Amino acid sequence: MTIKTPKKIVNILDDYIIGQDEAKKSVSIALYNRYRRMKLSKEMQKEITPKNLLMAGPTGVGKTEIARRLADIVEAPFVKVEATKFTEVGYVGRDVESMVRDLANKAVQMEEKDQFAKIRPQATKEANKILVRLLVPGIKEDNRESQLQNMLGMFNLTGQDLDEDEPEEKVTDEIRNQRMTVAEQLSKGLLEDREVTIKIEEKPKASPMGDMMGQMGMSMSSMMSNLIPKKKVKRILPVREARELLIQEESRKMVDYDTLYQKAIERAENNGIIFIDEVDKVIAGNKKTSGEVSREGVQRDILPIVEGSTVQTKYGPLNTDHILFIAAGAFAEAKPSDLIPELQGRFPIRVQLNPLSKDDFVKILKDPENSLLKQYIALLKADGIKLIFTKEAVDRIASIAFDVNQGTDNIGARRLATILEKLLEDVLFEGPDMEMGEITITESYVEDKLKDVIMNKDLTKFIL
């Protein structure tokens with residue numbers, strides 16, 4: 001992975017997020033400091049902790065997007081949690097330590113994906129061998145010995161997976177020649193649509209007991225895997241889909257999961273990012289009501305996680321000392337200084353995100369890699385329709401979004417999605433049946449389509 005300097009990180013963020021230069025600068029420095037830390041001695045690494053960030057700003061201005069894109073840039077394990085989902089110990093709700101376990105799960109998924117990518121050629125080779133045998137089966141010999149093995153297999157006394165103790169196959173010269181032909185056809189991609197019956201391991205169903213044990217950092221499946229035999233189910237699939245499932249299955253056999261879990265834990269400890277949203281909602285008001293009883297308690301429960309502690313996960317203990325925490329909130333009815341002092345001290349970098357202007361809305365509509373206009377243009381292209389927005393139409397859409405935000409609740413850039421969906425409602429509905437090759441959205445069309453909603457303030461509140 002190429003190391004990206006703070007300037008390069010900001011340049012990449014600029015492709016997706018409009019404005020908020022101060023926030024981008026702060027997060028890029030915090031991220032690059034991790035790389036600096038890894039170049040120091042082990043003793044010094046232990047002393048340097050991440051400078052956690054607290055973002056304050058109205059909804060829809062890019063707080064979550066900055067954090068998510070940041071994690072993508074450096075391929076770091078990332079989880080987003082909402083502070084309101086947690087409750088103080090003793091109350092019904094999620095345990096704060098679950099955010100760390102979620103991060104461990106994400107790190108394991110990323111590590112598994114990386115290792116699977118490395119062994120994919122070998123796993124593909126093995127999967128193709130299995131496909132050849134399935135497409136050209138041998139002659140099964142159901143002798144007494146195999147019958148005895150099947151009986152033992154029913155009770156799993158052989159220590160093997162169920163369905164593995166099948167009668168041995170006899171391969172004649174004719175079958176061998178057929179398999180060589182099929183193998184060649186597979187390598188040329190000539191049998192991708194042909195259906196084949198495969199047996200794959202059935203995933204254990206989720207249970208309340210399993211969920212409870214997961215919350216405590218224990219894995220029901222890992223504890224019971226040696227006691228309950230693995231069950232396989234038959235599926236009829238095209239070769240291309242069957243191959244992917246077989247590649248996954250073969251990859252799992254090749255990977256040393258003890259080593260994988262160890263690497264995943266290290267990855268989460270050194271590169272993990274936890275984004276705690278709506279942190280302002282766990283600030284108790286001046287008059288504490290029954291609904292606010294546990295709010296300050298949630299802050300105190302989050303504190304040791306952010307300070308640095310060891311959380312037991314089903315993959316092993318995970319230390320949070322060097323995880324980067326980013327907290328965010330609108331802070332419309334409270335201030336960052338209303339957080340308990342101990343928690344404030346753990347978020348030394350404060351960033352204020354600014355409300356979006358009309359010009360920001362114009363840029364958001366057009367400039368980002370995944371801009372809303374580009375998304376709708378791509379959607380209509382699927383129906384063979386070329387959708388065009390004039391410059392005046394884009395300006396008017398941005399102006400309406402800005403005005404509606406000022407007149408009602410300010411939900412930032414999310415207002416654009418609501419307005420565009422209303423604006424293009426007829427086009428999206430009629431699109432599949434239209435024979436028009438091109439549709440141009442003009443300023444007059446925007447005015448005509450949205451004038452009733454804009455003029456009627458009550459409708460604005462409910463529709464836009």
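## Thr64 and its surroundings

In this predicted model, Thr64 has a relative accessibility of 14% and is therefore classed as buried, the cut-off for that class being under 20%. The residue belongs to helix α4. Apart from neighbours within four places in sequence, its contacts are Lys80, Phe275 and Asp277.

## Gly60 in the preceding loop

Gly60 is found in the loop that connects β1 (53–56) with α4 (63–74). With a relative accessible area of 15%, Gly60 is likewise buried. When residues up to four places away in sequence are set aside, Gly60 touches Leu356, Ile411, Gly412, Ala413 and Arg414.

## Annotated binding site and pocket

An unreviewed UniProt entry lists Ile18, Gly60, Val61, Gly62, Lys63, Thr64, Glu65, Asp277, Glu342 and Arg414 under "binding site". From this set, Ile18, Gly60, Val61, Gly62, Lys63, Thr64, Glu65, Asp277 and Arg414 contribute to the lining of the second largest pocket.

Contacts also link members of the annotated set: Thr64 is in contact with Asp277, and Gly60 touches Arg414.

## Helix α10

Helix α10 comprises 16 residues, numbered 239–254. The distance from its first C-alpha to its last is 22 Å, close to the 22 Å expected at 1.5 Å a residue.

The buried residues of α10 are Val239, Ala242, Arg243, Leu246, Ile247, Glu249, Glu250 and Ser251. Among the elements that cover them are α5 (98–135), α7 (173–187), β5 (195–201) and β6 (232–238). In an α-helix there are 3.6 residues a turn, so residues three or four places apart point the same way.

Notes
Residues numbered from 1 in each chain as written. Predicted model: local features only at pLDDT ≥ 70, side-chain atom pairs only at ≥ 80, totals over all residues. Heavy atoms only, no water. Helix = DSSP H or I, 4+ residues; strand = E, 2+ residues; numbered from the N terminus. Expected span 1.5 Å × (residues − 1). Buried < 20%, exposed > 50% of the residue type's maximum accessible area, 1.4 Å probe, protein only. Contact = heavy atoms within 4.5 Å. UniProt positions renumbered as here; feature names shortened; annotations may be inferred. 1 Å grid on protein atoms, 1.4 Å probe; cavity = no way out; pocket = protein on both sides within 12 Å on 5 of 7 lines; lining within 4 Å.
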